[in-house]
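Here is a short report on the domains and pockets of one chain. Look at the sequence and structure first, then read on.

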Amino acid sequence: MLKGVGSRQQELLTFLLHNKQGMSFDALAQELGISRAAVQQHIASLERNKFVEAGSHHKTAGRPVRLYVITEAGINLFPKQYSWFSELVLEDIRETQGDEGLASFMSRLGTRTADSLKPQVEALSDEGKAEFLIKTMREMGYQASIQHNAAGQSDSISACNCVYHNLAMKYEQVCEFDRSLISTVLGKDIEQISCMAKGGRTCEFKLLDKKVD
C-alpha cells in the first residue's frame, strides 16, 4: 500500500506509472472497472495532493480528450531501495578502504554539506547558527532540538530519531556525517555523548569550544 492513498487510487497511479504519456478518464475507468465519475473524483483528490496533473489533449475523431499524467511526487510514492543501495556503496568503501577510509568518507560528506550552507550562516550569531542547524536537520528528517544551559546558551544538539538508523547499526562510521555536519556549521568542536545505534535513547552532541582550523 502506498502511503497517503487508498487502494483504488494506488491502482490508478500504477496505470499512470506504466503509461507516462497519460490516460483519459474513459481509459482509466475501463482499466479500473469503475465509472467515469468515480475516476474524476479520484483524479481530483490526487490532483489536490499533486500526485497527478492534467497533461496534453489527445486528438480523436471527436473533440480532443484531456489526458492525465503522474507527477514526480506521484512516482516518489512507489517504494525505492535507497537503504539497500546505500549499503552496497558503504560495504564497497569499507572493503576497499577499511573502517578508517569509510569514516573519512562520511566525514567529508558532512563537511561538504555544511560548506554548501556557509553563505546562509556566515553572518549569524552562535545562537542563530544553532537555530539554522536545527531547521536544516528537521528538513532532512531529523526530530532535532537544542538543549540550553543555565545561561540560556546552546549546550547540546539532540535528535530523537536517526534517518539512517539501520545503516548506522551496521556501519558506525555513518555517524561521522552528523558529527562533521554539526561541527562545521556551528564552527565548534563537539562530543557525541549518546548514540541510538549504540543503545542510546537519542543521538546527542555536546557543544565544546570554538573549532580550531
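## Pockets and domains

In the second largest pocket, α5 gives the largest share of the lining, with 6 residues. The model is a predicted one. The full lining of this second largest pocket is Ser86, Val89, Leu90, Phe105, Met106, Leu109, Tyr164, Leu167, Val174 and Phe177. By class, that lining holds 9 nonpolar residues, 1 polar residue and no charged ones.

Now the largest pocket. Its lining consists of Tyr82, Ser83, Ser86, Val163, Tyr164, His165, Asn166 and Leu167. Which helices each supply at least two residues of this lining? They are α5 (82-121) and α7 (165-170). The class split here is 4 nonpolar and 4 polar, with no charged residue.

Ser86 lines the largest pocket and also appears in the lining of the second largest pocket. Tyr164 and Leu167 are likewise listed for the largest pocket and for the second largest pocket.

The volumes and class counts are set out below.

| Pocket | Volume | Lining classes |
|---|---|---|
| Largest | about 220 Å³ | 4 nonpolar, 4 polar, no charged |
| Second largest | about 170 Å³ | 9 nonpolar, 1 polar, no charged |

Next, the domains. The domain assignment splits the chain into domain 1 (7-77) and domain 2 (81-207). How many Å separate the centres of domain 1 and domain 2? Taken over C-alpha atoms, the separation is 41 Å.

Notes: Residues numbered from 1 in each chain as written. Predicted model: local features only at pLDDT ≥ 70, side-chain atom pairs only at ≥ 80, totals over all residues. Heavy atoms only, no water. Domains from an automatic or database assignment. 1 Å grid on protein atoms, 1.4 Å probe; cavity = no way out; pocket = protein on both sides within 12 Å on 5 of 7 lines; lining within 4 Å. Points joined across faces, edges and corners; volume = space filled by probe spheres on them. Helix = DSSP H or I, 4+ residues; strand = E, 2+ residues; numbered from the N terminus. Nonpolar A, V, L, I, M, F, W, Y, C, P; charged D, E, K, R; others polar.
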